[in-house]
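Please examine the following model together with its sequence. The explanation after it concerns the bound ligand and its surroundings.

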Amino acid sequence: MNDCLFCRIAAGEIPSTVVYEDEMTFAFRDIAPQAPKHVLVIPKKHVADWYEARKEDDALLSGMMRAAAKVAELEGLTESGFRVISNTGADARQTVKHLHMHVLGGAELTEKMG
Ligand code: AMP
């Protein structure tokens, strides 16, 4: 989708600070970090949210989880720990309608998640 912000970032049309990339996924620094380390992991294919993902996207979904773990490793978070969040829909305040996971860490995070 060429009007999708994250599709355009994954395609390199909009600049980002890339942390990790593989065949299916792309990971880059969040523009408004909410933790010392805040990286977004997205599928290169446009999938709006978890509900739009289909059975044929299973490899892509597991690939996103593996990419999040790789990001944590690259960011030096494996010992200290990290949090993965994926906002979906209005109540969760999803602002970009392209499936993504936030990888947060680099400091002790708040106890409250909601
Ligand atoms: P969400 O609110 O869960 O949909 O997350 C969207 C995230 O995208 C927010 O944390 C934004 O700060 C981040 N964001 C928006 N535009 C950009 C951009 N151009 N580069 C990096 N991150 C962005």
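The paragraphs below treat the ligand and then a pair of strands.

This is a predicted model, in which local features need pLDDT of at least 70 and side-chain atom pairs count only at pLDDT 80 or more, while totals for chains, interfaces and linings use all residues. Residues are numbered from 1 along each chain as its sequence is written, and side-chain values use heavy atoms, with hydrogens and water left out.

The ligand is surrounded by 16 residues (each with a heavy atom within 4 Å of it), and the closest are D30, N87, T95, H100 and H102. By type, this shell holds eight nonpolar, five polar and three charged residues; Ala, Val, Leu, Ile, Met, Phe, Trp, Tyr, Cys and Pro count as nonpolar, Asp, Glu, Lys and Arg as charged, and the others, Gly among them, as polar.

Oxygen atoms of the ligand approach polar atoms of the protein at three residues, N87, R93 and T95. At N87, the partner is a side-chain N or O atom at 2.8 Å. For R93, a polar backbone atom lies 3.2 Å from a ligand oxygen, and for T95 the corresponding backbone distance is 2.7 Å. The protein buries 84% of the 500 Å² that the ligand exposes when taken alone (Shrake-Rupley method, 1.4 Å probe).

Two or more shell residues come from each of α1 (5-10) and β2 (25-29), and α1 gives the most, with three. Helices (H or I, at least four residues) and strands (E, at least two) are DSSP runs, numbered from the N terminus.

Strand β2 also pairs with β1 (residues 18-21) in the antiparallel sense over three bridges; pairing requires at least two DSSP bridges. Within this pair, V18 stands opposite F28 of β2, and a hairpin of three residues joins β1 to β2.

Terms used: A polar contact is a pair of N or O atoms within 3.5 Å; within protein, one must be able to donate a hydrogen and the other to accept it, and residues adjacent in sequence count only if both atoms are side-chain atoms.
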